[in-house]
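The following points are offered to a colleague who is opening this entry for the first time. Please read them with the sequence and the model side by side.

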Amino acid sequence: MLHGPCEFRIYGGGMDLREIGEFGLINQIRKWITSSDPALIQGIGDDVAVIEMGSKVLLVTTDILIEDIHFDRSWTDPNPLGSKALAVNLSDIAAMGGIPKYFLISIGLPKNLPLSFVSSFYRGLKKEAKRFRVELIGGDTSLSQKIVINICLLGEGRKRDLLFRKGARVGDDLFVSGTLGDAALGLKILQEKKKIKGAEGLIKKHLSPCPRVEMGQAIAKHHWATAMIDVSDGLLIDTSHLLQEGGVGVQVWEDRIPLSRLYQKWIHSFSKDPFQFALSGGEDYELLFTAPTEMRKRISSLSRSLKIPITCIGEILPKKEGLHIIRKDGKDYSPSRLGFEHFK
Ligand code: ADP
Ligand code: MG
């Protein structure tokens, strides 16, 4: 509940959130709130929090979707929105190689919202829950001017099978699943209100992402990888998280970045740089992981059995090398802006 006017205080002066950005803020929060609980294997700083519970570990993750920030009601049907709200959380558990189990959902809704919108949203949610065998166990409901959706997903795993953002080693390959940039290009098409025949697949990637739960579990269970994250904010930002947590650098070969046929067909209508959306666009919900070179054969056979591409796009280097991209002509550069960040 908000405090009454007599308790209202103005916090003025100093830095504002624009200056530190979303990730600077999370780093601050990480310093403000520290934990010495021995059962806490992973607190703030990874895709999922990990808590030791007897012989297993409890996995907990949460994500928020806010109207006009994460979605626009004019182009978002409630049914796929329900599926997506759960999918973005499932993707975080996938990135640890965990098994998703139960979730709670809190919703803030405007009072003039048709009930049919909410029922259709819950049908989409139920479909996704059934597909990934997770159960809704509760939530909270409030009035809100805009639609706000927050899911908290619980999962389980075995400590020795989990993969964290930290763990990449110099000489490891950097792999990514699927193709990149499709969701961001789909969003761009929606924002520009362009009706492009044949580009529906890109829009679908934005509206209905598919979390790589089975793939994440297989990679973790077989101990093929050293570190893993899901690509939610964009390839460059999420790679930089792997580097920061692992204390390593990387080189990424631009021409190896997997691009879909649709992406390659339409990118030129929206950007001069054919890799812009693949490098900096968010919401692909693919898996990005590092693995020793001797795992290449096993990873390509997993890719074949799941019928999902897994591509080696780079090599892990010592920390001092930072993040650099090698272009087709052999020239390399370090990107100055990594991608979208809230508040910036
Ligand atoms: P993801 O993109 O995988 O959802 P985020 O970048 O949102 O991850 O979050 C990174 C880490 O920071 C996670 O451990 C998350 O739980 C934590 N985190 C994010 N926002 C907050 C917050 N407001 N307070 C505490 N922890 C936060
Ligand atoms: Mg994540």
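1. Helices, as named in this note, are DSSP runs of H or I with at least four residues, numbered from the N terminus. With that in mind, helix α1, which spans residues 17-32, supplies the largest share of the shell around ligand 1, namely 3 residues. Please keep in mind throughout that this is a predicted model.

2. The surroundings of ligand 1 consist of Phe23, Ile26, Ile29, Ile44, Gly45, Asp46, Asp47, Asp63, Asp92, Arg165, Ser232 and Asp233. Sorted by character, the residues of this shell comprise 6 charged, 4 nonpolar and 2 polar.

3. Which polar atoms lie at 2.9 Å from an oxygen atom of ligand 1? One is a polar backbone atom of aspartate 46, and another is a polar side-chain atom of aspartate 47. For serine 232, a polar side-chain atom is found 3.3 Å from an oxygen atom of ligand 1. On its own, ligand 1 has 550 Å² of accessible area, of which the protein covers 66%.

4. Turning to the interior, the largest nonpolar core has 52 residues, and those that touch the most other members are Leu86, Phe103, Ile149, Met215, Ile219, Phe289 and Leu302. Helix α2 (residues 78-94) provides the largest share of this core, with 6 residues.

5. Isoleucine 219, when its neighbours within four places in sequence are left aside, is in contact with Leu163, Trp224, Ala225, Met228, Phe289 and Leu302. There is also a second core, separate from the largest one, which has 39 residues, among them Leu190, Ala199, Leu259 and Ile316.

Notes
Residues are numbered from 1 along each chain as its sequence is written. Chains are lettered from A and ligands numbered from 1 in the order in which they are written. This is a predicted model: local features need pLDDT of at least 70, side-chain atom pairs count only at pLDDT 80 or more; totals for chains, interfaces and linings use all residues. Side-chain values use heavy atoms; hydrogens and water are left out. A residue is near a molecule or strand if one of its heavy atoms lies within 4 Å of it. A polar contact is a pair of N or O atoms within 3.5 Å; within protein, one must be able to donate a hydrogen and the other to accept it, and residues adjacent in sequence count only if both atoms are side-chain atoms. Accessible areas come from the Shrake-Rupley method with a 1.4 Å probe; for residues, only the protein chains shown count as cover. Helices (H or I, at least four residues) and strands (E, at least two) are DSSP runs, numbered from the N terminus. Ala, Val, Leu, Ile, Met, Phe, Trp, Tyr, Cys and Pro count as nonpolar, Asp, Glu, Lys and Arg as charged, and the others, Gly among them, as polar. A nonpolar core is a set of buried Ala, Val, Leu, Ile, Met, Phe, Trp, Tyr and Cys residues joined through side-chain atoms within 4.5 Å. Buried means under 20% relative accessible area, exposed over 50%, partly exposed in between (1.4 Å probe, protein chains only). Contact means heavy atoms within 4.5 Å.
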